[in-house]
Amino acid sequence: MSPVATRSRMRAGALTATASLVLGLVIAVAPPAQAISAPTGIRAAYLATKAVGLTWNVTGENVYRVRFATNAAMTSGNDTWDVRGNYFELTRTDANPSAAYSAPRLTPGKTYYFQVKAVTDEPTSDQRDNLSSYSNAVAVKLPSTGVPELQPVNVKATVGGADTMHLSWRSRGPGVSYVLRYTTDPTTSVTSWRSVKWDVAGGTLKGLDPSKKYWFRARAINASGVGISNYSASPGVTATTTATTPSPALTAISYNIRKMYSTADWAARREAVAANIKGAGPDVLGLQEATPITWATNGKKQYADIMGLLGTQYSLVTTGSGSSGTQLAYNEDRLSVVDSGIQMLFEHGSAERYAVWAVFKDRISSKTFFAVSTHLEPGSQTDSVINDVRIRQARQVVALIAAKSGGRPAVILGDMNSGRSAKPSNGQYGVFTGAGYVDPLDNAVGNWASGANAAAEHQIDTQYNGVNALERRARLTAYPVGTYIDYVYASPSVRVASWRTVVKVDTAGSFVGTIPSDHNLFKLMLHLP
């Protein structure tokens, strides 16, 4: 996700047109000057028939308000967005999920008008004061023909080892797929480069040659594989593989699979849950609500049934029966168990809460690490008593790690039942980060600063909320990081190469097929120290 992603918007009317743009005249419509000069150099950096990417010269505190309209007087279809950094995209995707309209918004061949002013860096739009007046209006005309989507930008590649690269770029919207091209010889035509197709804006590429410099370019495609954007900038982003693989990537997931509410409920979801997990290809599985409730159809407990669907390479670290719905599983082909156990947490409500833990050994690198799956107290996020219970339970998890990890790096996977907007505080967050563990998404506060200091090198679909509530349209936020009550924490020494919030949606942003659970699955690519 782009570090200058659109964060917040203020509506001043409805832009009813459809979407796309090109540079034109400058029309003077600027208010009186403020503390600094208005931004200059506004230009269309990227264009498509239904999208535009604008940039300008940096000034002020690096926070800007972009105003756009359908007429030069800036009175028709007037709308504004606040962005951090000097880049703004107007595309078919409306980044504000609460907006009264949705994509597409721009019309091929039509002219649109833009102004930019610098504002102060405050948490909410109504708190931001003007630092400058608006710039002169710039006219941008969209091309009438060509591709509808902007080319991928902010393409990033980080080395995963001797044969592996982690990659990501700015998403082109829900339901859009991509072709990634890569080569060791950028002088050849990009269409002759090796390729891989992904259904999201990034992933992990394996099978590369060691100690080789690679070039990467990406393009958005439709369901038929036809390009709907240009390729990302030539000659492409570069990165060089290492000579050896001292710490190959491990895949960890955290997933609340939703407890079985009835025989029919589980029958409708169980295969979709299993497919979601298998699609992530995890080595470590932190599961919540994989309960000991017996499914009448085959007489198996819910946790045993889902493990059976996953295949023989996956096993629980415990019998599964003594930890309610909290489970920790692993891929036996990749990991072995050095030690494991279950700890009951402070009891408050009618349901018992647990932490299930294990010390794992990587069969490839022989490195060891500690992992724990937990599910803290549910209930209101504005109840100080329940918040205090979660704090107490989180402290028990921290103490458990200190007692059982032997100083090894740790990964904490769990449904914490408390998010960044919890009152009087997101107590569990303070406990885990206060103990020195890192939240890879920096999802601490409920404003546009959320995610600004994320440690995850690649963040894929993180704008989607953690809880989907089984609603057909996937919940998301205008922030780069959605609203989560599920968290993954890690020791600072653990390298978090990528985080993906797994949602399978169409171009309208609605889930495709059976919605497996009321929570989304979180997939992380980790490298041990």
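Before we start, one working definition: helices (H or I, at least four residues) and strands (E, at least two) are DSSP runs, numbered from the N terminus. By that reckoning, Ala355 lies in strand 24, and we will come back to that residue.

A word on what we are looking at. This is a predicted model, where local features need pLDDT of at least 70, side-chain atom pairs count only at pLDDT 80 or more, and totals for chains, interfaces and linings use all residues. Residues are numbered from 1 along each chain as its sequence is written, and side-chain values use heavy atoms, with hydrogens and water left out.

Let's take the whole protein to begin with. It has four helices and 30 strands. The C-alpha trace spans about 70 × 55 × 45 Å along its principal axes. The radius of gyration, taken over C-alpha atoms, has a globule rule of 2.2 Å times the number of residues to the power 0.38. For 529 residues a compact globule would come out near 24 Å, and the protein has 24 Å, so the two agree.

How much of the protein is buried? The figure is 56% of the 529 residues, where buried means under 20% relative accessible area, exposed over 50%, and partly exposed in between (1.4 Å probe, protein chains only). On the outside, the protein exposes about 19,800 Å², with carbon and sulfur atoms supplying 49% of that. Those areas come from the Shrake-Rupley method with a 1.4 Å probe, and for residues only the protein chains shown count as cover.

Now contacts, meaning heavy atoms within 4.5 Å. Of those between residues at least 6 apart in sequence, 70% join residues at least 24 apart.

For the charge counters among you, there are 51 positive and 37 negative side chains, and the centres of the two sets lie 6 Å apart. Lys and Arg count as positive, Asp and Glu as negative, while His and the chain ends are not counted. The place of a charge is NZ of Lys, CZ of Arg, CG of Asp or CD of Glu.

On to the inside. In soluble globular proteins, nonpolar side chains tend to be buried together. Here a nonpolar core is a set of buried Ala, Val, Leu, Ile, Met, Phe, Trp, Tyr and Cys residues joined through side-chain atoms within 4.5 Å. Which residues have the most contacts inside the largest core? They are Val284, Leu328, Phe360, Phe369 and Trp499, in a core of 27 residues. Several strands give two or more residues to this core, including strand 17 (250-256), strand 22 (327-331), strand 24 (354-362) and strand 25 (368-375).

Strand 17 is also home to Thr251. Thr251 is buried, at 7% relative accessible area. Leaving aside neighbours within four places in sequence, its contacts include Asp283, Val284, Lys523 and Met525.

Back to Ala355, as promised. Is Ala355 buried or exposed? Ala355 is buried, with a relative accessible area of 0%. Not counting residues up to four places away in sequence, Ala355 touches, among others, Gly341, Leu345, Val372 and Leu400. From His166, by contrast, Ala355 is 189 residues away in sequence and 31 Å away in space, C-alpha to C-alpha.

Next, helix 2, residues 302-310. Its buried residues are Gln302, Tyr303, Asp305, Ile306, Met307 and Leu310. Their cover includes helix 1 (263-280), strand 18 (284-288) and strand 22. After helix 2 comes Gly311, with a positive phi near 115 degrees.

Let's finish with the loops. Ala233 sits in the loop between strand 15 (213-221) and strand 16 (237-240). Ala233 is partly exposed at 46% relative accessible area, and beyond four places in sequence it touches Gln151 and Arg217. Pro235 is found in the loop between strand 15 and strand 16 too, and a cis peptide bond, with omega about 5 degrees, joins Ser234 to Pro235. A cis peptide bond also joins Lys423 and Pro424, again with omega about 5 degrees. Pro424 lies in the loop between strand 26 and helix 4 (427-434).

Two backbone angles are worth a look as well. Met74 is not a glycine, yet its phi is positive, near 60 degrees. Met74 lies between strand 5 (63-69) and strand 6 (79-84), in the loop, and counts as buried at 4% relative accessibility. Asp442, also not a glycine, has a positive phi of about 55 degrees. Asp442 lies in the loop between helix 4 and strand 27 (458-460), and is buried at 18%.
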